[in-house]
Amino acid sequence: MKRDPFRAEASEPASTREGHRRASIGARRSPQAEEAILDAARALLAERGYSGFSIDEVARRAGAGKPTIYRWWPTKADLFIDVYSAEKSAALVPPETGALWSDLLAYTRALWAFWRDTPSGRTFRALIAEAQASTPALVALRDKFLPERLKDVRHMFDEAAARGEIRPEAVPHLLTLYIGFNWYRLLTDQIADDPEDITIMARTLAGTPQ
């Protein structure tokens, strides 16, 4: 019989079961359990979207205990962010065109395609909306999601500063403007592929003549 990755078999000695329990509740995660939970979460998002996404249903589908999931992901927003991050990392490769404006053009077109074409991408705007009314969701978005998911974009701006295209002290402000442009287009459902508008935005932020 296949071993349940979420709990020890009843036939195991108490000391062994206790060892598994301690490993589970610590910082270290069981890779099998984590994969099963993320797979279940991904499938649930594809079927029901963010409004139908719940820890209870993910636990049922993954065969996991809710305490296990809540230990690793305190809220459904935290779990969603990990699913989103994994899918986005697999779908987007930061471009290296040698110029900031063309990096932004390529990256933004790929980002909008990700938002249109993947389950987590299509439901991302729901997390932004939830963060307006839920403090835990806001904290997850601001303190967990943004610092991690903006690394690629910040790197593009940092590289442009190193090449002398933009001033280093302008990077945080340009990054904020870039986020604002993209989230405005996402929240107003204007993310059809639009290379002309994206090029204008990219050249404006890069300070490159049209």
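## Packing of H6 against H11

Angles under 35 degrees between helix axes count as roughly parallel, those over 145 as roughly antiparallel, those from 65 to 115 as roughly perpendicular, and the rest as oblique. In this predicted model, H6 and helix H11, which spans residues 195-206, pack at an angle of about 140° with their axes 8 Å apart, and the two helices are therefore oblique to each other. The crossing that H6 and H11 make is right-handed.

On the H6 side, the contact is formed by Leu100, Trp101, Leu104, Leu105, Thr108, Arg109 and Trp112, which meet Pro195, Ile198, Thr199, Met201, Ala202, Arg203, Leu205 and Ala206 of H11. Sorted by character, the residues of this contact comprise 11 that are nonpolar, two that are polar and two that are charged.

## The cavity and its lining

When the whole structure is searched, one cavity of 30 Å³ or more is found, and the space in the largest cavity comes to about 130 Å³. Its lining is made up of 15 residues, of which Lys88, Leu111, Trp115, Leu150 and Trp183 are the closest to the centre.

Four helices each supply at least two residues of this lining, namely H5 (76-91), H6 (100-117), H8 (135-149) and H10 (171-187), and H10 gives the most, with four residues. The lining residues divide into 12 nonpolar, one polar and two charged.

## Where the two features meet

Helix H6 belongs to both parts of this description, since H6 packs against H11 and also supplies at least two residues of the lining of the largest cavity.

Conventions:
Residues are numbered from 1 along each chain as its sequence is written. This is a predicted model: local features need pLDDT of at least 70, side-chain atom pairs count only at pLDDT 80 or more; totals for chains, interfaces and linings use all residues. Side-chain values use heavy atoms; hydrogens and water are left out. On a 1 Å grid over the protein atoms alone, a cavity is a set of points where a 1.4 Å probe fits but cannot get out, and a pocket is an open set with protein on both sides within 12 Å along at least five of seven lines; lining residues have an atom within 4 Å of a point. Grid points are joined across faces, edges and corners, and a volume is the space filled by probe spheres set on the points. Ala, Val, Leu, Ile, Met, Phe, Trp, Tyr, Cys and Pro count as nonpolar, Asp, Glu, Lys and Arg as charged, and the others, Gly among them, as polar. Axes are lines fitted to C-alpha atoms, for helices over the stretch in contact, and angles run from 0 to 180 degrees between N-to-C directions. A crossing is left-handed if the near helix is turned anticlockwise from the far one by less than a right angle, and right-handed if clockwise. Contact means heavy atoms within 4.5 Å.
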